[in-house]
Amino acid sequence: MNQADITLFRIAVGQVVGRRRVWLVGLLCLLPVGVAAVYLAVGRAEPDRWTANVLMNGIVISAVVPLVALLVATAAMGSELEEGTIVFLLTKPVARWRIAAAELAAAAVVALPSVAAAAAVAGIIATWEGGSRQAVAAFLAGALGATAAYCAVFTALAAVTSRALVIGLAYVFLWEGVVSSLFEGAKWLSIRRYGLGIADALAGLPPVRFDAPLPAAPLFLAAAIAGGFAAAVWALERFQLRGAP
Amino acid sequence: MSAPAPAIEARNVSRWYGNVVAVNGVSFAAGSGITALLGPNGAGKSTLLNMLAGLLAPSSGEVRVLGANPRGNPALYRRMGLVPERDTTYGFLTGREYVRASAALAGLAQPDAAARRAIAVVGMEGPDEQPIGTYSKGMRQRIKVAAAIVHDPEVLLLDEPFNGTDPAQRLALMDLFRRMAADGRTILISSHILEEVERLAAQIVVLYAGRLAAVGDFRELRRLMRDRPHTFIVRASDARRLAVSLVAEPSVRALEFSDDRLLLQTTDFAALTHLLPKAARDHGIRIHELRPADESLESVFAYLVSS
C-alpha cells in the first residue's frame with residue numbers, strides 16, 4: 001500500500017462517513033437487535049429455528065446486509081460519479097484498479113463491522129436463554145461473506161450506472177426476494193443464497209430447523225467479489241464524461 | 001532537423017452524442033505559451049478539452065498530448081494538469097488536504113511541501129485550513145488550480161478557470177499563467193469571454209457550433225472583428241429623412257425601416273461615428289437612440305465562421 005493508495009482510501013472513506021445515509025446504516029443495524037430483544041422478552045419458543053429463519057435469514061441476510069452494502073457502496077463510488085469528483089481521481093497517474101480497490105475497501109470497512117456488530121449482538125440476544133451459538137457464528141460468517149460480495153457488486157453497479165440505488169433495490173427485493181423463491185435455479189445468481197449456503201454448511205443445524213444448502217457457496221461468493229471488482233475496474237477504464245456538449 | 005512535435009494536437013477530431021454533433025472535424029496544434037480556446041456556450045469547448053484530457057474518446061479523428069494519446073493513459077497525468085469547469089473538489093476536505101491529495105496521487109516524494117508551495121502560488125494560505133465546503137466559488141477555483149499545478153505539469157488544460165473569481169483573483173491567476181507560459185509550459189484556456197483571454201493569449205482557437213471558426217494569431221482575429229459589417233438600430237425624430245441623407249454614403253451598406261426604427265449596416269464603423277452626427281445636425285434631426293444590433297458573442301462568432 002503506497003501513499004497514493006492511502007490517499008484514495010481516505011477520500012473514499014470520507015465520501016461514505018460524511019453523509020447522512022450513515023445514520024440510516026446505523027438504524028438498519030439496530031433493527032435485528034431490537035427484534036431479537038422483543039423475541040427474548042415475549043417469545044423464546046424454538047430459539048434455533050427462530051434465530052436461523054426469522055432473525056438471520058429473514059432480517060439480517062435478506063434485508064440488513066444488502067441494504068447496508070447498497071447504501072455504503074453507492075455513497076463511495078456512486079457519489080464520486082454523481083458529483084463529478086471522479087474526474088479528480090481519474091486525471092491522476094494512478095492505475096484504475098487502485099481507485100476501484102479504494103472505493104471497495106472504503107465500502108467494506110464501513111459495512112463489515114456494522115453488519116458484524118448487528119448480527120453478533122442480535123444473535124447473542126436471541127440465544128441468550130438457549131440455542132446454538134455455533135449457528136449464530138455460522139450466520140455471522142455467512143452475513144460477512146455476503147456483505148463483501150454485495151459491496152463489490154454494488155460498487156461495480158455504481159461505476160456503471162447512475163441508477164445504482166434503484167437497480168440494487170430491484171435486485172435485492174425482486175430478484176432475490178421474489179424470483180429466487182419462485183424459481184430454484186435463480187439461487188445460483190443470488191448473493192443472499194451464497195451467504196445462507198455458508199451459514200447452512202457451518203451451523204450444524206438439522207434440516208428440519210434450517211435448510212439452505214448450496215454446494216461451493218464460498219466459491220460463488222469469491223467469484224461475485226472478483227467479478228464485481230473486475231467490473232468496477234472495467235467501468236473506470238472506460239469512463240467517459242456524461243452529458244451533452 | 002524536424003520541428004519538435006506540438007504539445008497539444010487535435011487531428012480532424014469529432015465527437016457526437018447520438019444525433020448531436022458537439023465537435024466537428026477540428027484540427028489545431030498548440031505549443032509552449034498560452035493558447036485560448038474561445039467560443040460561445042455550447043460551442044464544444046469543454047468537449048474538446050475533455051477529449052484532450054483523456055476523459056472522452058473522440059468519435060473520429062485523434063488527439064495527442066505530449067505526443068501520446070491521453071485516453072487510457074494514466075501515466076500521462078504526471079506531465080499534465082487539468083482544471084475542469086465542473087466542481088471536482090471534496091467539501092469535507094480542507095483546501096490543503098485536497099492539494100496534498102493531488103500531490104500524493106501524482107506520486108510526489110514530498111507532497112506536503114509541494115502542496116504548501118502551490119497553495120502559496122494561488123494565494124490561498126490561511127483559508128487552506130478550512131473545509132472546501134465553506135469556500136466561495138472563486139476560492140474553489142483557486143484551490144482547483146493549486147491542485148492542478150502542484151506537480152509542475154508541462155501541459156495545463158483550463159476550462160473556464162476565471163468563473164466565479166473576482167477581478168483581483170483573476171489578475172493574480174492571469175499572472176500565474178503568464179509566468180508558467182514564460183517558463184515554457186503549454187497552457188490551453190477555454191473561455192466564452194473574449195476580453196478575458198485577449199489579455200492573456202497570443203494564439204487563439206475559435207470554436208462555433210462545434211466547428212473551427214478561426215485559428216491563429218489574436219491580432220488577426222481582432223482585425224477580422226473590426227472590419228466586419230456592424231448593424232445599428234437608430235431611433236430618430238425623422239428616421240426616413242435621416243435614411244435619405246445617408247443612403248449615398250459609400251460606408252453605408254444597407255438601410256431598413258422597421259416601425260419608427262432605422263436598421264443601418266455599415267462596413268466602416270469609424271466613418272459612421274463621424275457621418276451620423278453630421279447628417280443629424282445638417283438636417284435638424286434628433287437621434288433618440290443608437291445601439292448595436294449584433295454585438296452578441298454569437299453574432300461575432302457566426303461572422304468569423306462565415307468569413
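Me: Which residue in the hairpin of β8(B) and β9(B) takes a positive phi?
Reply: Happy to start there, and please keep in mind that this is a predicted model. Strand β8 (residues 203-208) and strand β9 (residues 211-217) of chain B run antiparallel and are joined by six bridges. Two residues lie between the strands of this hairpin, and the one with a positive phi, near 50 degrees, is Ala209(B).

Me: Thanks! What is the bridge partner of Leu207(B) in β9(B)?
Reply: Strands of a sheet pair through backbone hydrogen bonds, either parallel or antiparallel. Here β8(B) and β9(B) take the antiparallel form. Within β9(B), the partner of Leu207(B) is Leu212(B).

Me: Where is Leu66(B), the residue with phi near 55 degrees?
Reply: Leu66(B) has a positive phi although it is a residue other than glycine. With 22% relative accessibility, Leu66(B) counts as partly exposed, because the buried class stops under 20%. Its place is the loop between β4 and β5 (80-83) of chain B.

Me: And what is the relative accessible area of Asp152(B)?
Reply: Asp152(B) is not a glycine, yet its phi is positive, about 55 degrees. This residue sits in the loop between α4 (137-149) and β6 (155-159) of chain B. Asp152(B) counts as partly exposed, since exposed would need over 50%, and its relative accessible area is 47%.

Me: Let's turn to a sheet. Which are the edge strands of the open sheet with the order β2-β1-β4 in chain B?
Reply: This open sheet has three strands with antiparallel pairing. The twist averages 20 degrees from one strand to the next. An edge strand pairs on one side only, and that description fits β2 (20-30) and β4 (60-65) of chain B.

Me: Which residue in β4(B) stands opposite Arg11(B)?
Reply: Strand β1 (residues 8-17) of chain B runs antiparallel to β4(B), and five bridges join the two. Across from Arg11(B), in β4(B), stands Glu62(B).

Me: Which helix packs on that sheet?
Reply: The helix in question touches β1, β2 and β4 of chain B. Its direction makes about 120 degrees with that of β1(B). The helix is α1 (residues 45-52) of chain B.

Me: Is Ser14(B) buried or exposed?
Reply: Ser14(B) belongs to strand β1 of chain B. Leaving aside residues up to four places away in sequence, Ser14(B) touches several others, including Val23(B), Asn24(B), Met51(B) and Ser60(B). Its relative accessibility is 7%, so Ser14(B) counts as buried.

Me: Zooming out, how many helices and strands are there in chain B?
Reply: Chain B has 307 residues, of which 50% count as buried. Its C-alpha trace spans about 80 × 45 × 40 Å along the principal axes. Among contacts with a separation of 6 or more, 67% come from residues 24 or more positions apart. The inventory for chain B is ten helices and 13 strands.

Me: Over to chain A. What is the handedness of the crossing of α5(A) and α9(A)?
Reply: The axes of α5 (residues 96-126) and α9 (residues 217-237) of chain A come within 9 Å and cross at roughly 130 degrees, which means α5(A) is oblique to α9(A). Among the residues in contact are Trp97(A) and Leu104(A) of α5(A), and Phe229(A) and Leu236(A) of α9(A). The crossing is right-handed.

Me: And what is the handedness when α8(A) passes α9(A)?
Reply: Helix α8 (residues 191-203) of chain A packs against α9(A) at an angle of about 140 degrees, with the axes 8 Å apart, and is therefore oblique to α9(A). Residues including Tyr194(A) and Ile198(A) in α8(A) meet a set in α9(A) that includes Phe220(A) and Leu221(A). This crossing is left-handed.

Me: One last thing: how many disulfides are there over all chains?
Reply: Good one to finish on. A disulfide requires two cysteine sulfur atoms within 2.5 Å. The sulfur of Cys29(A) has its closest cysteine sulfur in Cys151(A), 12 Å away, so the pair is too far apart for a bond. Cys29(A) at 10% relative accessibility counts as buried, as does Cys151(A) at 0%, and the number of disulfides over all chains is zero.

Terms used
Residues are numbered from 1 along each chain as its sequence is written. Chains are lettered from A and ligands numbered from 1 in the order in which they are written. This is a predicted model: local features need pLDDT of at least 70, side-chain atom pairs count only at pLDDT 80 or more; totals for chains, interfaces and linings use all residues. Side-chain values use heavy atoms; hydrogens and water are left out. Buried means under 20% relative accessible area, exposed over 50%, partly exposed in between (1.4 Å probe, protein chains only). Two strands pair if DSSP finds at least two bridges between them. Helices (H or I, at least four residues) and strands (E, at least two) are DSSP runs, numbered from the N terminus. Axes are lines fitted to C-alpha atoms, for helices over the stretch in contact, and angles run from 0 to 180 degrees between N-to-C directions. Angles under 35 degrees count as roughly parallel, over 145 as roughly antiparallel, 65 to 115 as roughly perpendicular and the rest as oblique. A crossing is left-handed if the near helix is turned anticlockwise from the far one by less than a right angle, and right-handed if clockwise. Contact means heavy atoms within 4.5 Å.
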